[in-house]
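Student: I am new to this structure and would like a close look at one part of it. Please start there and then lead me outward.

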Amino acid sequence: MKQQRYLQRCLECDTVVDIAKNLPNQTACCPNCDQILQPGNRWNLRRCAIIAMSILILLPFALFLPLMNIDLLGVQIHASVWGGVWKMATQGFPYTAFMILLCSVVMPFSFALLVLTIWVQKWLRHRPRYTLIFLNKVKQWVMLDVYLIALAVAAFKVRDYAPLSFDIYLLPFVLTTILTILLFIKIAPKRLWNEFYPEYHSLEPDHPCNPTLCPECEYTFDERIVDGKGRHRCPRCESNLDVPDKIKLQRVWATLIAGIVMMIPANILPISSTEFAGTTSADSLMSGVLLFMSMGSYAVAAIVFIASIAVPFSKVAIILYLLLAIHYRWKHPIHWQMKLLHYVHFVGRWSMLDLFVLALMMSLVERGQIISFSVGDAAFYFGAAVFLTMISSSNLDARMLWRIHREHQKPPTSGQF
């Protein structure tokens, strides 16, 4: 029996690949750039909905109940995710608190709720067009794994001031983080698009036309659907496909420049200040790293340095290089450029580590106590820089780099005599 096959255009390098159908446990990758075209070993929607329901049950315990506490002169002071956000918001730092709230509370709830909503829509026979679109957009902003590392960093930071202990509710937080990561890995939005919209057929391998790819739902098609304003639309998710490369690059440049501007006060101004025994010490990002080194916590100092200094600056440098490579059409190794772009996408969210540590410290060490902790002015600028550079990297289209690579690979045309 001849195996059925279909055409799929690669989202990264724009190559049209011939893929076999009905291989649920095998992964199909692009032979040109190794981008995953058809994910294998993914769970069905019912199992993902069960995981999402478990996350929603655990989240109130993980976010609103104490995760750790300190004993300050016989007084137990507890730290929770919500407690840190609330104290930061009520003590004069509402914008910084909002950024932490978004990544540690709102987005984890939204991600699990969207998965559960898709399952309900399937049960009600309703098309989840916008739910699937939102699902892809919120994934990069769910940062429970980053917050878990921030718990360890905050514990090292306060252990020299007062006895520290972890609460039993840390277990629901760890379980929620593990289940969220598992749901990230096992859910396949592309398969959900195919399941809910089966009438949008895949193209046969011998299809004569040059197909179009929708970057939103990864649908490869050859129809020409135009809206009332003359814009080319995806027939499945209705996304606008006529955004020119010039506009995309303008978005990347605008958010990158704004992020660089925000990084200047973020690294100059103090990000936190601690008052202990009548002595006040204000710490910038770099002085905080040096403080951990002076305490002998070299592993923690390395984590903070990588997340708060090395990653933001390297991310800006890489995005700037890739933009210049597109503008000047540099002939550099494309696979090396793709590795840099993947690095930017992976590490961008980890820069939020410092803000999560600040929120936990605000929850543990209140103003007016023997130990007084306050967030510095740099916190807002640092969070804004992280958000802007994440938006900048998400708008950088890898296909522009591949088009330049293919232009350099073409043999020169012979002149006419």
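Student: Take residues 164-185: how far apart are the end C-alpha atoms, and what percentage of the span is helix and what percentage strand?

Tutor: Keep in mind that this is a predicted model. In residues 164-185 the end C-alpha atoms lie 34 Å apart. The span is 73% helix and 14% strand. Residues 164-185 also appear in a record: the unreviewed UniProt entry lists them as "transmembrane region". Other spans listed there under that name include 48-68, 95-120 and 346-364.

Set residues 346-364 beside your span. Here the chain is 74% helix and 0% strand. The end C-alpha atoms are 30 Å apart.

Now go inside. The largest nonpolar core has 96 residues. M88, F173 and F356 have the most contacts inside this core. Helix α3, residues 94-123, gives the most to the core, with 14 residues. Look at F356 in detail. Leaving aside neighbours within four places in sequence, F356 touches I100, C103, S104, M143, V146, Y147 and A150. Apart from the largest core lies another, of 33 residues. Among its members are C30, L341, L401 and W402.

Helix α3 leads us to helix α4. The buried residues of α4 are R129, T131, L132, I133, L135 and V138. What covers these buried residues? The cover includes α3 and α7 (189-196).

One name in that list carries a charge pair. R129 is at 15% relative accessibility, so R129 counts as buried. R129 forms a salt bridge with E238, and the closest N and O atoms are 3.9 Å apart. R129 lies in helix α4 and E238 in the loop between β11 (232-233) and α8 (245-268), so the pair ties together parts that are 109 residues apart in sequence. E238 is partly exposed, because the relative accessible area of E238 is 42%.

Helix α4 has another such link. K137 and E216 meet through their side chains in a salt bridge, at 3.6 Å from N to O. This pair also joins distant parts of the chain. K137 is in helix α4, E216 is in the loop between β8 (212-213) and β9 (220-221), and the two are 79 residues apart. K137 counts as partly exposed, at 44% relative accessibility. E216 is partly exposed too, at 21%. The cut-off matters here: buried means under 20%, so E216 at 21% is not buried.

How many salt bridges are there in total? The count comes to 13. One of them joins D14 and R9, at 3.7 Å from N to O. R9 has 8% relative accessibility, so R9 counts as buried. Elsewhere, D227, R231 and R233 are linked in a network of salt bridges.

Finish on the surface. M286, L290, M293, Y298, F305 and I306 form a nonpolar patch there. Together they have about 580 Å² of accessible area. The elements that give two or more residues to the patch are α9 (285-294) and α10 (298-328). M286 sits in helix α9. The relative accessible area of M286 is 38%, so M286 is partly exposed.

Key
Residues are numbered from 1 along each chain as its sequence is written. This is a predicted model: local features need pLDDT of at least 70, side-chain atom pairs count only at pLDDT 80 or more; totals for chains, interfaces and linings use all residues. Side-chain values use heavy atoms; hydrogens and water are left out. A salt bridge is a side-chain nitrogen of Lys or Arg within 4 Å of a carboxyl oxygen of Asp or Glu. Buried means under 20% relative accessible area, exposed over 50%, partly exposed in between (1.4 Å probe, protein chains only). Helices (H or I, at least four residues) and strands (E, at least two) are DSSP runs, numbered from the N terminus. Patches are made of residues with over 30% relative accessible area and no salt bridge: like charges are joined within 9 Å, nonpolar side chains (Val, Leu, Ile, Met, Phe, Trp, Tyr) within 5 Å. Accessible areas come from the Shrake-Rupley method with a 1.4 Å probe; for residues, only the protein chains shown count as cover. A nonpolar core is a set of buried Ala, Val, Leu, Ile, Met, Phe, Trp, Tyr and Cys residues joined through side-chain atoms within 4.5 Å. Contact means heavy atoms within 4.5 Å. UniProt positions are given in the numbering used here, feature names are shortened, and annotations may be inferred rather than shown by experiment.
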